[in-house]
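Please read the following report alongside the sequence and the three-dimensional view. It moves from the overall form to the pairing of elements and then to single residues.

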Amino acid sequence: MAPGTLFGLALIGAGVFPFAVSPFLTDRAAKIRVDWFQPNLERPAFKRRSVRILRFMAAAWVVIGIGFATYGLVSAR
């Protein structure tokens, strides 16, 4: 298997994992931020914003990974 394909698959995995765990991670981050640092922060709004940012970044990693994997498969012929 071409190194580009393996790298692309690794990027896809690196994107899928944060996409799946982003609600749990942002809930914890929102709880810590509200309890320790900013008690007047709206926790649900912070959580929604953070989930949206993390999922956008994860989707970008998946798209980049698909591009690398496809390029690796095509160029290996």
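The paragraphs below describe the fold as a whole, the helix packing and five selected residues.

The coordinates are a predicted model, in which local features need pLDDT of at least 70 and side-chain atom pairs count only at pLDDT 80 or more, while totals for chains, interfaces and linings use all residues. Residues are numbered from 1 along each chain as its sequence is written, and side-chain values use heavy atoms, with hydrogens and water left out.

## Overall form

The protein contains 2 helices and 0 strands, where helices (H or I, at least four residues) and strands (E, at least two) are DSSP runs numbered from the N terminus. Its C-alpha trace spans about 60 × 15 × 15 Å along the principal axes. The radius of gyration is 17 Å, whereas a compact globule of 77 residues would have a value near 11 Å; the radius is taken over C-alpha atoms, and the globule rule is 2.2 Å times the number of residues to the power 0.38.

About 5,600 Å² of the protein is exposed, and carbon and sulfur atoms supply 71% of that area, as computed by the Shrake-Rupley method with a 1.4 Å probe, with only the protein chains shown counting as cover for residues. Of the 77 residues, 21% are buried, a class defined as under 20% relative accessible area, with exposed meaning over 50% and partly exposed lying in between (1.4 Å probe, protein chains only). Among contacts between residues at least 6 apart in sequence, 76% join residues at least 24 apart, a contact being heavy atoms within 4.5 Å.

## The helix pair

Helix α1 (residues 3-37) packs against helix α2 (residues 43-75) at an angle of about 175°, and their axes are 6 Å apart. Axes here are lines fitted to C-alpha atoms, for helices over the stretch in contact, and angles run from 0 to 180 degrees between N-to-C directions. The angle therefore makes α1 roughly antiparallel to α2, given that angles under 35 degrees count as roughly parallel, over 145 as roughly antiparallel, 65 to 115 as roughly perpendicular and the rest as oblique. The residues of this contact of α1 with α2 divide into 22 nonpolar, 9 polar and 6 charged; Ala, Val, Leu, Ile, Met, Phe, Trp, Tyr, Cys and Pro count as nonpolar, Asp, Glu, Lys and Arg as charged, and the others, Gly among them, as polar.

## Selected residues

The table lists the helix and relative accessible area of five residues.

| Residue | Helix | Relative accessible area | Class |
|---|---|---|---|
| T26 | α1 | 3% | buried |
| A45 | α2 | 28% | partly exposed |
| A58 | α2 | 2% | buried |
| I64 | α2 | 41% | partly exposed |
| F68 | α2 | 36% | partly exposed |

Leaving aside residues up to four places away in sequence, T26 touches K47, S50, V51 and L54. With the same exclusion, A58 touches G15, P18 and F19, and F68 touches G4, T5, F7, G8 and L11.

Several C-alpha separations add to this picture. I64 and L11 are 53 residues apart along the chain, and their C-alpha atoms are separated by 7.2 Å. For A45 and A30, which are 15 residues apart along the chain, the C-alpha separation is 9.3 Å. A58 and F68 are 10 residues apart in sequence and 15 Å apart in space, C-alpha to C-alpha, while F68 and D27, 41 residues apart in sequence, are 32 Å apart in space by the C-alpha to C-alpha distance.
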